[in-house]
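Biologist: I would like a close look at a single part of this model, namely its interior packing, with whatever surroundings help to place it. Please take it step by step.

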Amino acid sequence: MSNSASQWGSPTASKRALLIHGMTMCSNSWEGIARLLVAEGFFVVAPNLLGHGYRRCTNYKVSEFAEDLRPYFAMNTSYDVIIGHSFGGPITLSLLPFLPKPKETTVILLDPALELSEERLNSQMNVFLQWTANVRSAEEHMIENPTWSRRDCVLRTLGVAMCDLNTVGVFQRNSPWSFSGMFKNIPPNVKITVLASDPNLLERIPNGVERLTVRVLTGIGHWIQYECPDVIMDAIPLPRAKL
């Protein structure tokens, strides 16, 4: 297992969660969700992806990002919940073959980057270059995103600052960018919930797939974990107190 990861809670907890961040983010960026999960009895692990958290990257295929996370499933290690955001969405789908078969697992994808046209791919590459060339301060993020906490703004700045500039190769090595077909191979022990801020995402997800639920959230941006953490927690099967 990579030592480039953040952990919250007790390793002896009865439930485990694995959190996969998006492009130009870092493991620490899950702090808010991680604290909520710990309060519900989870041990939480969030790795730094290749090219992030001061890690270097030499192969930029999504499959290689997933393969790098295989040690987190060593010795039949299982997770009750796996959450992936944005670029972490296709990586999370690529992890499905690693999951132990008997374990019931809830997978939550936050605005997953499933399908990108060549034009959109080039646009995202340019955004990446802009972000990494001119790292915005926490104060700038607070002005632009008034619903974010100061902590989340600081962690957003930290993630960009620790990103390897060469990771821009991801946009060149994964063309055509098409991952929605992975929904057709959901294991019988896995249930997936997609939470989307972009209603156009519905057009990129196959219809009639068993164990797949899609919900569009209105009035929020791409950073669902910062703006609507309670919606994410509601998608996790948890014992609820009787009223």
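Which residues of the largest nonpolar core touch the most other members?

Modeller: The model is a predicted one, and what follows should be read with that in mind. The largest nonpolar core has 48 residues, and those that touch the most other members are Leu18, Phe73, Phe87, Ile91, Phe183 and Ile192. Two or more residues each are given to this core by strand 2 (15-20), strand 3 (42-47), strand 5 (105-110) and strand 8 (190-196), and likewise by helix 2 (62-68), helix 3 (88-94), helix 4 (118-133) and helix 7 (169-173). Strand 8 makes the greatest contribution to this core, with four residues. As a general point, nonpolar side chains in soluble globular proteins tend to be buried together.

Phe87 shows what such a position looks like in detail: once its neighbours within four places in sequence are left aside, Phe87 is in contact with Gly22, Met23, Leu49, Val62, Phe65, Ala113, Val170 and Trp177. Apart from the largest core there is a second, separate core of 25 residues, whose members include Ala17, Leu37, Cys228 and Val231.

Strand 3, one of the elements that give residues to the largest core, deserves its own description, since six of its six residues are buried, that is, each has under 20% relative accessible area. The cover extends to both faces of the strand, with Phe42, Val44 and Ala46 buried on one side and Phe43, Val45 and Pro47 buried on the other. As for its pairing, strand 3 runs antiparallel to strand 1 (residues 5-8), with four bridges between them, and Trp8 stands opposite Val44 there. Strand 3 also pairs with strand 2, in this case in the parallel sense and again over four bridges, and Lys15 has Phe42 as its bridge partner.

Helix 4, which gives residues to the largest core, also provides the largest share of the lining of the largest pocket, namely five residues. That pocket has a volume of about 640 Å³, and among its 29 lining residues the closest to the centre are Ser86, Arg120, Gln124, Trp131 and His222. Besides helix 4, strand 6 (115-116) and helix 5 (138-144) are the elements that give two or more residues to the lining. By class, the lining is made up of 14 nonpolar, seven polar and eight charged residues.

Conventions: Residues are numbered from 1 along each chain as its sequence is written. This is a predicted model: local features need pLDDT of at least 70, side-chain atom pairs count only at pLDDT 80 or more; totals for chains, interfaces and linings use all residues. Side-chain values use heavy atoms; hydrogens and water are left out. A nonpolar core is a set of buried Ala, Val, Leu, Ile, Met, Phe, Trp, Tyr and Cys residues joined through side-chain atoms within 4.5 Å. Buried means under 20% relative accessible area, exposed over 50%, partly exposed in between (1.4 Å probe, protein chains only). Contact means heavy atoms within 4.5 Å. On a 1 Å grid over the protein atoms alone, a cavity is a set of points where a 1.4 Å probe fits but cannot get out, and a pocket is an open set with protein on both sides within 12 Å along at least five of seven lines; lining residues have an atom within 4 Å of a point. Grid points are joined across faces, edges and corners, and a volume is the space filled by probe spheres set on the points. Ala, Val, Leu, Ile, Met, Phe, Trp, Tyr, Cys and Pro count as nonpolar, Asp, Glu, Lys and Arg as charged, and the others, Gly among them, as polar. Two strands pair if DSSP finds at least two bridges between them.
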